[in-house]
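Open the model in your viewer and keep the sequence panel in sight. This tour tells you what to select at each stop and what you will find there.

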Amino acid sequence: MTPPSAAQCIRTTAKRVRASQLITTKCIPGIIHTRYFSRLPCSTPAPELNTHLKNDGCIVLTQMFPPSQISLLNTDFHQALATTTPGRPANPNKAPLPNSLDAQTFGKNTKRIGNLINLSPAFRDHVITNPTLHDLCSEIFKETGDYWLSTAQMIELGPGSKAQPLHADGAGWWPFWTMADTEKEGVLWRPEYAVNFLIAMTDTTVDNGATGVVRGSHKIRYTPDVLNNPDFDAWKFPDDRVEQVELAAGDCLLLGSRIVHRGEENKTVGEKRGLLSCTVVSASLTPDEAFPLVMEAEAREAVKGLDERAKKFVGLRDMNMAIGEGVWQDFRIGGLKTCLVI
Ligand SMILES: O=C(O)CCC(=O)C(=O)O
Ligand SMILES: [Fe+2]
């Protein structure tokens, strides 16, 4: 199938928003949203973690980050959040969404910041180097090749913010809408191309807005006519199908590209729920943030001391794909590694 044109992509996004508007976010009293998906320690072998991710659409990695690293990250993030306006996307250059959807999507009292590569030394030292993240991504993306960071955003969900519209994160890239479902040895084969590591910076609870997930929604089959369907309703689920996944600070809820989910309502009076979202995509796709171009002198100097995986993760190395000659290549002798001197 021909990939959609830019105009089609824009229309798709608009439809996504329209569909999201139809979702009921009313809370039904008495329903307890505390069932759990697989909760596995980071010492679990990556192939096993990946099997759970494929089967369930998401998993919890327990204590992926120790308290000392969470504390350093929070110190950096709080400083940046102090001067951030709530109810806006992480990219301050973005125009507001149509029909005043900003508050509904980004949370009326929720702050989001991107540009963490420049804003946070702890993010550079401890997140882009995290061994579990890399071991698992190597396994998840091995069907297509290398992977890189698309965007990292700190989300501080403030009291009074309502639930987000239900959505699947992979929908930001064309394979979500157009990739055919293929059977391989009797099993549905869909190479994963985008995942979101939602890392808890505070404990997340049912009351303060722990992420809600729709069990089984990663198996929805989207038909090609979805691109032309103004009544798209695949993400409309009643509230009792949305299970909140509580996390302790340092845990990570890892979402596959197709699982339907949302940030939930923060019903507390004064608690802020902190979640660091790191979206990782196949290197065959374009990331949200242009890390190699936006890295300022301090960040550039700091990443020089990081390992090769971390450098590749933020676009400072040539990318190899399972099929084809590679992407993001430097054809000069030695490639990006030699020519960038980073
Ligand atoms: O805040 C959350 O719990 C989830 C956020 C999210 O799903 C998103 O922004 O894509
Ligand atoms: Fe999401």
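## Stop 1: the iron ion

Look along the sequence for the donor residues of the iron ion (ligand 2): their spacing is H-x1-D-x91-H. Keep in mind that this is a predicted model.

Now select the iron ion (ligand 2) together with His 167, Asp 169 and His 261. These residues coordinate the ion through NE2 of His 167, OD of Asp 169 and NE2 of His 261, at 2.1 to 2.2 Å. His 167 lies in the loop between strand 4 and helix 8 (174-178), and His 261 lies in strand 11 (residues 261-262), so this pair ties together parts that are 94 residues apart in sequence.

Are the two histidines buried or exposed? His 167 has a relative accessible area of 17%, so it counts as buried, because the cut-off for buried is under 20%. His 261 is buried as well, at 4% relative accessibility.

## Stop 2: ligand 1

Select ligand 1 and show its surroundings. Which residues surround it? They are Arg 112, Ile 155, Gln 164, His 167, Asp 169, Thr 211, His 261, Gly 263, Arg 273 and Leu 275. Notice that His 167, Asp 169 and His 261 appear in this list and also coordinate the iron ion. By type, the shell divides into 2 nonpolar, 5 polar and 3 charged residues.

Next, display the side chains and check some distances to ligand 1:

- Thr 211 has a polar side-chain atom 2.7 Å from an oxygen atom of ligand 1.
- Arg 273 places a polar side-chain atom 2.8 Å from an oxygen atom of the ligand.
- Gln 164 has a polar side-chain atom 3.4 Å from an oxygen atom of ligand 1.

How much of ligand 1 does the protein cover? On its own, ligand 1 has 290 Å² of accessible area, and the protein covers 91% of that.

## Stop 3: helix 7

Move to helix 7 (131-140). Begin just at its start. There, a side-chain oxygen of Asn 130 reaches to within 3.0 Å of the backbone nitrogen of Thr 132.

Now color the helix by accessibility. Helix 7 is mostly covered, with 7 of its 10 residues buried. Select the buried ones: Thr 132, Leu 133, His 134, Leu 136, Cys 137, Glu 139 and Ile 140.

Asp 135 is another residue to pick in this helix. Asp 135 is partly exposed, at 40% relative accessibility. Its side chain meets that of Arg 309 in a salt bridge, 2.9 Å from N to O. This pair links distant parts of the chain: Asp 135 is in helix 7 and Arg 309 is in helix 11 (residues 308-313), 174 residues apart. Arg 309 is also partly exposed, at 34% relative accessibility.

## Stop 4: more salt bridges

How many salt bridges does the structure hold? There are 16.

Select Glu 143 and Lys 54. Their side chains meet in a salt bridge, with 3.5 Å from N to O. Glu 143 sits in the loop between helix 7 (131-140) and strand 4 (147-157), while Lys 54 belongs to helix 2 (residues 46-56), so the pair ties together parts that are 89 residues apart in sequence. Glu 143 is partly exposed, with a relative accessible area of 29%. Lys 54 is partly exposed too, at 45%.

Then select Glu 308 and Arg 317. They form a salt bridge, and their closest N and O atoms are 2.8 Å apart. Salt bridges that share partners join Glu 308, Lys 311, Arg 317 and Lys 337 into one network. Glu 308 is partly exposed at 36% relative accessibility, whereas Arg 317 is buried at 6%.

## Stop 5: Arg 190

Find Arg 190 in the loop between strand 6 (187-189) and strand 7 (194-200). Arg 190 counts as buried, at 16% relative accessibility.

Which backbone oxygens does its side chain reach? One belongs to His 218, at 3.2 Å. Another belongs to Ile 220, which lies 3.3 Å from a polar atom of the Arg 190 side chain.

## Stop 6: Trp 174

Finish in helix 8, where you will find Trp 174. Trp 174 is partly exposed, with a relative accessible area of 41%. Now add Leu 285. Trp 174 and Leu 285 are 111 residues apart along the chain, and their C-alpha atoms are separated by 9.2 Å.

Definitions and conventions:
Residues numbered from 1 in each chain as written. Chains lettered and ligands numbered in written order. Predicted model: local features only at pLDDT ≥ 70, side-chain atom pairs only at ≥ 80, totals over all residues. Heavy atoms only, no water. Near = heavy atom within 4 Å. Polar contact = N/O pair within 3.5 Å; in protein donor to acceptor, adjacent residues only side chain to side chain. Areas by Shrake-Rupley, 256 points an atom, 1.4 Å probe, with all protein chains shown as cover. Nonpolar A, V, L, I, M, F, W, Y, C, P; charged D, E, K, R; others polar. Salt bridge = Lys/Arg side-chain N within 4 Å of Asp/Glu carboxyl O. Helix = DSSP H or I, 4+ residues; strand = E, 2+ residues; numbered from the N terminus. Buried < 20%, exposed > 50% of the residue type's maximum accessible area, 1.4 Å probe, protein only. Donors = N, O, S within 2.8 Å, 3.2 Å for Na, K, Ca; no water.
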